Amino acid sequence: MDTRDNLPLLTDGYKLTHYAQYPVGTEAVYSYFESRVGATYSETTFFGLQYILKKHFVGAVVSEEAIDVARDFCAAYFGNAGMFNEKMWRHILKKHGGRLPVRIRAVPEGVAIP
């Protein structure tokens, strides 16, 4: 499996360890995007989410092979196999059939946001 198509690895390396910073019992996390200060333009047009969702989030996107490849990759990357949250990915595979248990809320595509 190509690591570029492996959902657990489609992130910056350091973000793979964020799970260890959450308090025990955390069941939900809320994230958002915002433009950085000092931007050249006063508005940002929200566009492209549908493409990303359809490419990476539709259907069963976590597999046994993806987890194994990600675990081995992270062991080499970090020098420590324990840095990869294999337990969580196996839970998603077993309980949700490889589908991500996420809710995505967004403004409509094409909207200009200040």
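**Close-up 1. The surroundings of T17, a buried residue in the segment before β1 (44–45).** In this predicted model, T17 counts as buried because its relative accessibility is 16%, a value under the 20% limit used for that class. The residue lies in the segment before strand β1, which spans 44–45. Leaving aside neighbours within four places in sequence, T17 is in contact with F78 and M83. T17 and G82 are 65 residues apart in sequence, and their C-alpha atoms are 9.7 Å apart in space. L16 touches P8, L9, T11, C74, F78 and M83, again without counting residues up to four places away in sequence. F78 and M83 therefore appear in the contact lists of L16 and of T17, given that contact means heavy atoms within 4.5 Å.

**Close-up 2. The largest nonpolar core.** Eleven residues make up this core, namely L7, L9, L16, V62, I67, A70, C74, F84, W89, I92 and L100. Helices α2 (64–78) and α3 (86–96) each supply at least two of the core residues, and the largest share, three residues, comes from α2. In soluble globular proteins, nonpolar side chains tend to be buried together. L16, a member of the core, has L9 and C74 among its contacts, and both of these residues belong to the core as well.

**Close-up 3. The packing of α2 against α3.** The axes of the two helices, α2 and α3, come within 10 Å and cross at roughly 175°. Because angles over 145 degrees count as roughly antiparallel, α2 is described as roughly antiparallel to α3. On the α2 side the contact is made by E64, I67, D68 and R71, while E86, W89, R90 and L93 take part from α3. Sorted by class, the residues of this contact are three nonpolar, no polar and five charged. Two of the residues named here, I67 of α2 and W89 of α3, are also found in the largest nonpolar core.

**Close-up 4. Salt bridges of D68 with R71 and R90.** Which residues does D68 pair with in salt bridges? One partner is R71, with the closest N and O atoms 3.2 Å apart; D68 and R71 are three residues apart in helix α2, so about one helical turn separates them. The side chain of D68 also meets that of R90 in a salt bridge, at 2.7 Å from N to O. The pair of D68 and R90 links distant parts of the chain, with D68 in helix α2, R90 in helix α3 and their positions 22 residues apart in sequence. Salt bridges that share partners join E64, D68, R71, D72, E86 and R90 into one network. D68 is partly exposed, with a relative accessible area of 25%, R71 counts as partly exposed at 24%, and R90 is partly exposed at 23%.

**Close-up 5. The salt bridge between D12 and K15.** Side chains of opposite charge can pair when their charged atoms come close. D12 forms a salt bridge with K15, and the closest N and O atoms of this pair are 3.3 Å apart. D12 is partly exposed, with a relative accessible area of 40%, and K15 is likewise partly exposed, with a relative accessible area of 37%. A search of the whole structure finds seven salt bridges, including this one.

Technical notes:
Residues numbered from 1 in each chain as written. Predicted model: local features only at pLDDT ≥ 70, side-chain atom pairs only at ≥ 80, totals over all residues. Heavy atoms only, no water. Core = buried A, V, L, I, M, F, W, Y, C linked by side-chain atoms within 4.5 Å. Buried < 20%, exposed > 50% of the residue type's maximum accessible area, 1.4 Å probe, protein only. Helix = DSSP H or I, 4+ residues; strand = E, 2+ residues; numbered from the N terminus. Salt bridge = Lys/Arg side-chain N within 4 Å of Asp/Glu carboxyl O. Axes fitted to C-alpha atoms, helices over the stretch in contact; angles between N-to-C directions. Parallel < 35°, antiparallel > 145°, perpendicular 65-115°, else oblique. Nonpolar A, V, L, I, M, F, W, Y, C, P; charged D, E, K, R; others polar.
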